[in-house]
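This report describes strand pairing and the contact between chains for the entry displayed below. Please keep the sequence and the coordinates at hand while reading.

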Amino acid sequence: MSDVILKVEHISKQYRLGLVGTGTLSHDLKRWLYKIRGKDDPYLKVGDTNDRSKTAESDYVWAIKDINFEVKRGEVLGIIGKNGAGKSTLLKILSRVTSPTTGQIKTKGRIASLLEVGTGFHPELTGKENIYLNGAILGMTKTEIKAKEQEIVEFSGCQRYIDTPVKRYSSGMRVRLAFAVAAFLEPDILVVDEVLAVGDAEFQKKAVGKMQDISRGDGRTVLFVSHNMAAVKSLCTRAIVLEHGKVAYNGSTQDAVSFYLSDGNREIIDNLLERKDRKGIGDFLFKGISILNEANEKHLNLLSGELYRFRIEFSTKKTIIDAKIRARFIDSKGQIRFLLNNYFIDTVTLNLEKTDKGIVEYTIEKLPLPNGNYTIQLTCFSENGLEDDLENTVDFNLIGGDFFNSGREQFSKEGVLVEHKFKVLK
Amino acid sequence: MLSNKEDEWLYTISAKRKLIDFNFKEIWRYRDLLFLFVKRDIVTLYKQTILGPLWYLIQPLFTSIIFTLIFNNLGQIQTGSVPPFLFNLAGITAWNYFRDCLNNTSSTFTKNQNIFGKVYFPRVILPMSITISNLLKFGIQFLIFIGFFVYYSVIGFELSINSNIILFPIYIVIMAMLGLGLGMIFSSLTTKYRDLTVLLTFAVQLLMYVSAVPYPMSEAKAKFPPLVARIVEYNPLTQIMEGFRYMLLDIGEFNLARFLYTFCISLFIFLLGLVIFNRTEKTFIDTV
């Protein structure tokens, strides 16, 4: 298939930083003066690249700069990137909410966006009236909506309240109804931004299923923006990674996801020797720790259910008899989720020679942590007692994954994930 | 399905814009949305009120009563053979339509930024829907005018409409164009600089007094200083008010040149509004 349905050429978008005030008026006047003399906008030449963490040198910033890509009919393109990488700006331009500063987008199909569901709901109107209004805002005609009204109501699961004003709805019901309307849109190109993060577990399941239907079954072209790597992996056929407003990677979903996950975390934590907040005798000292995936790439954004190696570097001043190296996995609330200890699994005692470059490694074949932020506390005991103890050695995030291989999103944030089986006996 | 030919693009999104690129086909495609917006505006306006649509009637009635008390009883403004109350009611009904079109459309961008920020549809649908829903409101208010017209005829006033009544729809169009055009200009300008929102509310108030709403043009000519009289005379809104009362109550006079002048000014403001609106809608979300 070489049928390109959407072509994005040199798209850039410049934003002004700071407040709109009297100063803006002078810029506007200058811009206008240049324009009537037939010159280019003087402010187009300035502008920093989009890096949220750096202090701005100019009043203008390029939210996205020189973006190029093509989408073929029937493709599901994932767009991934960190916060502020320019994803939403790109989607806004694609859905014609705002226009680009330079460049152009050519399309052969109608684009409809699901930037945020429930846009244009009027609280005083009933559920049914809002279905029509919202559908029309999203670009459906009245006849199209009428044909699908029944399905929409059923999908939302709000039959009982359909003639009640939406202001009486719970927020969850509102979202359900809104997503239901949007899910039955039939544009040539659908732009979806993080809608899967709404509703309760039952509805999320429904929503993911519907998304899969849209992309797989109907062969619709979808642009999908998400932080949920599991969803991106299961839905997309191809993905691009945005970094500081530029396309950093464009290729297969698998590669794009690993490119994204390894981004910015390539450095290893190797400065533990400098830490002063340690306890213990000190004959054994932790030097560094790194987390590697199956392909031995270093990561700090992990997926649950995947294999990870936790490589720990240390030095010893003399031979350590009966070393017990413990790694505690602690969540953002300070709770210990689980711990690793060679003493538990080894049948013989571990003695470590005097060394400057010792390395040990723990492997977890299926990381059982749900989404969240975690840190590892490293502790070493010897026959003499506590040798070394360091809290917060490495911070890492769990950002999705499919522990149970069910294709479903994880909902649990507590405890650890445990493999289990389920059977209906009667 | 579209054909597979290369370079056959449905549309292009780009930074360059034409002076007027008005996609009528697209607006037609969204006609249901226009209708639904009108319905929304009407249905929701007086929800959870006891009097409901009666509020449409109360406001012009009381304004007319106050005007009659102040301008005619206290201020001695002569309205000829026409009862002053009916005179004021005619002016206020027409003025209200213009004012509502202007006020409501002037906040199009700022009020709807949450919708505009997320979904694309031809932006001009919203001010259009406002003009149409206000037309319905005008219709209801016009009915009271007819009611009082009949009442005054029955109790013995000599009232007659003028053959100019055939121009009625044109006056409506002129008022709509003027209100919509000015509203679109204001709404576009307020996206970046909010100063104008402050200005607009009281400017509209003041505008009413130089638009010959509570007095006939003849009184203005006779009693105002010449400069003010001239401002009032060349104000297109004055011509609309005068023309409106001429065809409905047969007072004042009709001048074809003035009528054409008003029409042209309104058309110009409407087109100007469209152009400005069109230029703003593309990027207003970045500056609003």
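Which residue of S1(B) does Thr107(A) stand opposite? In this predicted model, the residue facing Thr107(A) in S1(B) is Tyr11(B). The two belong to a pairing that crosses from one chain to the other, in which strand S5 of chain A, residues 102-107, is joined to S1(B) by 4 bridges and runs antiparallel to it.

A second antiparallel pairing lies within chain A, where 7 bridges link strand S13, residues 308-316, to S16(A); one of the residues involved is Arg309(A), whose bridge partner in S16(A) is Thr363(A). The two pairings are set side by side here.

| Strand | Partner | Bridges | Direction |
|---|---|---|---|
| S5 (102-107), chain A | S1(B) | 4 bridges | antiparallel |
| S13 (308-316), chain A | S16(A) | 7 bridges | antiparallel |

Strands S13 and S16 belong to an open, antiparallel sheet of 3 strands in chain A, ordered S11-S13-S16. Its edges are formed by strand S11 (284-293) and strand S16 (358-364), each of which pairs on one side only, and neighbouring strands are turned against each other by 20 degrees on average, direction ignored.

Turning to the contact between the chains, 36 residues come from chain A and 31 residues from chain B. On the side of chain B that touches chain A, at least two residues each are supplied by strand S1 (11-14), helix H2 (31-45), helix H6 (113-116) and helix H14 (284-287), and H2(B) gives the most, with 6 residues. By character, the residues of this side of chain B divide into 15 nonpolar, 8 polar and 8 charged.

Key
Residues are numbered from 1 along each chain as its sequence is written. Chains are lettered from A and ligands numbered from 1 in the order in which they are written. This is a predicted model: local features need pLDDT of at least 70, side-chain atom pairs count only at pLDDT 80 or more; totals for chains, interfaces and linings use all residues. Two strands pair if DSSP finds at least two bridges between them. Axes are lines fitted to C-alpha atoms, for helices over the stretch in contact, and angles run from 0 to 180 degrees between N-to-C directions. Two residues are in contact if their C-beta atoms, placed from the backbone, lie within 7 Å. Ala, Val, Leu, Ile, Met, Phe, Trp, Tyr, Cys and Pro count as nonpolar, Asp, Glu, Lys and Arg as charged, and the others, Gly among them, as polar.
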